[in-house]
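Biologist: Could you take me through the fold and the packing of this chain, giving the criteria as we go?

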Amino acid sequence: AWLTKPSYVSVVVRWDQHQNALKAWLKYLRYDSNLKFASALVPNLVAPTPFLTQKVEALKEKIGFASPIVSVHIRRGDAKHETKYFPVATYFQKVDAYYARTTPCAGNCTASAKPRVYVMADRPYVFLEVFQKYSEKYEILSVDGGKTKKTWADKSTTDMAIYDFILASQADYFIG
């Protein structure tokens, strides 16, 4: 089954192979948001198509997405009524803590030699704040430089949201 199919950027959902596992996962998440359980199960349920994998690899090269990298998901749009609000500084305190206990760049940095942070947000003003406050310390990466308001309801930005989802899963550390 196809979850989405805008211009061949698709994700295969393996409903037939894992229907019972999916039902158990969804039921479990209603009562206990165990991130380790969910993150172990999701890759077995959802997989990018070969076309999407190729597009993601090209995007990674274009934006400089390479390990070590922290992925940060700052929700401001659809989640403002669903989740607790955290200032951008709170997310970057976690980034600071991660890089304080690891070796940033370990011989795999771009010319800037700054630790990398991949930022996902659904509102451009979040990127503006991140770039203004943290771009001197970190190399800030995103799909489009934070120019687009992303929403699953808008088919023109669905591809970018899917890229965000996949790139976040490939980061060394996730905050969000």
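Biologist: In what pattern do helices and strands follow one another along the sequence of the protein chain?

Modeller: Helices (H or I, at least four residues) and strands (E, at least two) are DSSP runs numbered from the N terminus, and here they follow the pattern β-α-α-β-α-β-α-β-α-β-α-β, with six helices and six strands. This is a predicted model, in which local features need pLDDT of at least 70 and side-chain atom pairs count only at pLDDT 80 or more, while totals for chains, interfaces and linings use all residues. Residues are numbered from 1 along each chain as its sequence is written, and side-chain values use heavy atoms, with hydrogens and water left out.

Biologist: How much of the protein chain counts as buried?

Modeller: Buried means under 20% relative accessible area, with a 1.4 Å probe and protein chains only; of the 176 residues, 40% count as buried.

Biologist: Which residues have the most contacts inside the largest nonpolar core?

Modeller: In soluble globular proteins, nonpolar side chains tend to be buried together. A nonpolar core is a set of buried Ala, Val, Leu, Ile, Met, Phe, Trp, Tyr and Cys residues joined through side-chain atoms within 4.5 Å. The largest one has 19 residues, and Phe92, Val95 and Val117 have the most contacts inside it. Helix 4 gives the largest share of this core, six residues. Another core, of 17 residues, lies apart from it and includes Val143 and Leu167.

Biologist: Which residues does Val117 touch?

Modeller: Taking contact as heavy atoms within 4.5 Å, and not counting residues up to four places away in sequence, Val117 touches residues including Ile69, Phe92, Tyr138 and Leu141.

Conventions:
Buried means under 20% relative accessible area, exposed over 50%, partly exposed in between (1.4 Å probe, protein chains only).
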